[in-house]
Amino acid sequence: MSTEHQEFATTRVKRGLAEMLRGGVIMDVVNAQQAKVAEDAGAVAVMALERVPADIRRDGGVARMSDPALIMEIQETVTIPVMAKARIGHFAEAQILEHLQVDYIDESEVLTPADYVHHIDKWAFEIPFVCGATNLGEALRRISEGAALIRSKGEAGTGDVSQAVTHLRSIVGDIKKITQADDSEVYAWAKELRAPIDLVLEVRKSGKLPVPLFCAGGLATPADASLVMQLGAEAVFVGSGIFKSDDPGKRARAIVEATTHFRDASIVAKVSKNLGPAMVGIEMDKIDVHLAERGW
Amino acid sequence: MNVGVLALQGDFLEHIDMLDRLGVRAKLVKTPKDLDSIGALVFPGGESTTMSKLLESSGLGEALKARLELPIFGTCAGLILLARSISDGRPDQVSFGYLDVEVRRNGFGRQIRSFEADLDVLEISPPPMKAVFIRAPVIEKVGSDVKVMATVSYDFNGKEESVPVVVRQGRYLASAFHPELTGDTRLHEYFLQHIVESR
């Protein structure tokens, strides 16, 4: 039968993988063994990196793309999608990740930026990109550059969910307001958001982002996952929260359950029992480096 | 009659939307009690390993085994859940085995090999049907009772091969791609008209 019209790396194919991850948990892992724990627990994908954000925060120094050997080892260990991070604006790191055939590239503020003006031109890649955002304008700018998935930035490596909540509420709140905007107001919105008018019009019409919206940055408990899902996130990224806790496998399973059954407090309560200590965490007003401020 | 959509993980909302457009009341299925009032079921796309875990922990997997009469339509991960045999899966992966097919998970390759194609699908006219394959499973073998409704010809590491991508066996229908992502409701309509309503 017909084969003439096969197309790869279309917008629909790129966003499509994000659609498939909805209702799931994407877990940060630093080695093959953790990747296995994540897959065993029911993760929909893993993010392969050398240090989780909490350790990047503790150690300081420049944080870069992970060693390709580490990423490849993780790819060989699990059958679920493998994501990896490139520095903001570092298209050469992204080219390497594309060569490795990771399933998604995260142009991430958790790593030290390589360019303080430009983000990566993500349309130039066949691999889809996810980018962080603190507000709707930032989200739409990333989408205009080709991002196929947006996540809140939150404040990675803190175990403090407050910033993820702020970013999510800001994005979802402004979307609601734009759906009420009249024809003359949309231009002011585009100006205020510093976003292309065609994307603002698309948001007004559909009442949602043109790509899925996930939540990241500071989630540590099943209740955190339930909270952000109820606020409008379509899936969650958990970074330090799992492998910086006492019983990562059990906590990972619990967060997976809570993300699926986020409206059912009886299930979230059940899976929250006896998880052992969560990551200790660090409050927002005690940190020196605000990762969420990276990105322009 | 209500059609249920398995809503543990994945793109179940797109399926709800498709059914809605066909005038069918669809219901999210997350726990065994959600099965009570439904007469047919859709298994959506998503990660089959994740769904498999959640089927077990929610008790839905067991509950479904007692509802053998239900017609089921599965897409992508949903096809994997229906298959008799899975390769490159996890040893503990749940599959109901209702469809006599052998599938290979991610058989077309990683995300960079995900693609769109125009297909001719039996009983769906006029062609083509736009098909979106996302890290899709490959059907490697079909039993003699399985009707192949569409195939795709694909370059597997330099070797062009034609593989089944829509299959039906009695009350079970499955596609390796995602009709729910394109707005084309015809395969859902086929499921409702020729499988659900004809029973």
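**Pockets and the interface between chains A and B**

In this predicted model, the largest pocket holds about 820 Å³ of space.

Reader: Which residues lie nearest the centre of the largest pocket?

Author: Happy to start there. Its lining has 29 residues, and those nearest the centre are Arg22(A), Lys208(A), Leu209(A), Glu234(A) and Glu14(B). Helices H1 (11-20), H7 (162-179) and H9 (197-206) of chain A, along with helix H1 (12-21) of chain B, each give two or more residues to this lining.

Reader: How do you know that the side chains of Glu14(B) and Arg22(A) meet in a salt bridge?

Author: The N to O distance between these side chains is 2.4 Å. A salt bridge needs an Arg or Lys side-chain nitrogen within 4 Å of a carboxyl oxygen of Asp or Glu, so the pair qualifies. Between chain A and chain B the count is five salt bridges.

Reader: What makes up the lining of the largest pocket, by class?

Author: Twelve residues are charged, eleven nonpolar and six polar. Glu and Arg count as charged, so Glu14(B) and Arg22(A) belong to that class.

Reader: And what lies closest to the centre of the second largest pocket?

Author: That pocket holds about 450 Å³. Of its 23 lining residues, Met229(A), Phe262(A), Arg263(A), Phe12(B) and Lys30(B) are the closest to the centre.

Reader: How much area is buried between chain A and chain B?

Author: About 3700 Å², with carbon and sulfur atoms giving 52%. Here 41 residues of chain A are in contact with 45 residues of chain B. The two chains also share 23 residue pairs in polar contact. On chain A's side, H1(A) gives the most, with seven residues.

Definitions and conventions. Residues are numbered from 1 along each chain as its sequence is written. Chains are lettered from A and ligands numbered from 1 in the order in which they are written. This is a predicted model: local features need pLDDT of at least 70, side-chain atom pairs count only at pLDDT 80 or more; totals for chains, interfaces and linings use all residues. Side-chain values use heavy atoms; hydrogens and water are left out. On a 1 Å grid over the protein atoms alone, a cavity is a set of points where a 1.4 Å probe fits but cannot get out, and a pocket is an open set with protein on both sides within 12 Å along at least five of seven lines; lining residues have an atom within 4 Å of a point. Grid points are joined across faces, edges and corners, and a volume is the space filled by probe spheres set on the points. Helices (H or I, at least four residues) and strands (E, at least two) are DSSP runs, numbered from the N terminus. Contact means heavy atoms within 4.5 Å. Buried area is the accessible area (1.4 Å probe) that two parts lose on being put together, summed over both. A polar contact is a pair of N or O atoms within 3.5 Å; within protein, one must be able to donate a hydrogen and the other to accept it, and residues adjacent in sequence count only if both atoms are side-chain atoms.
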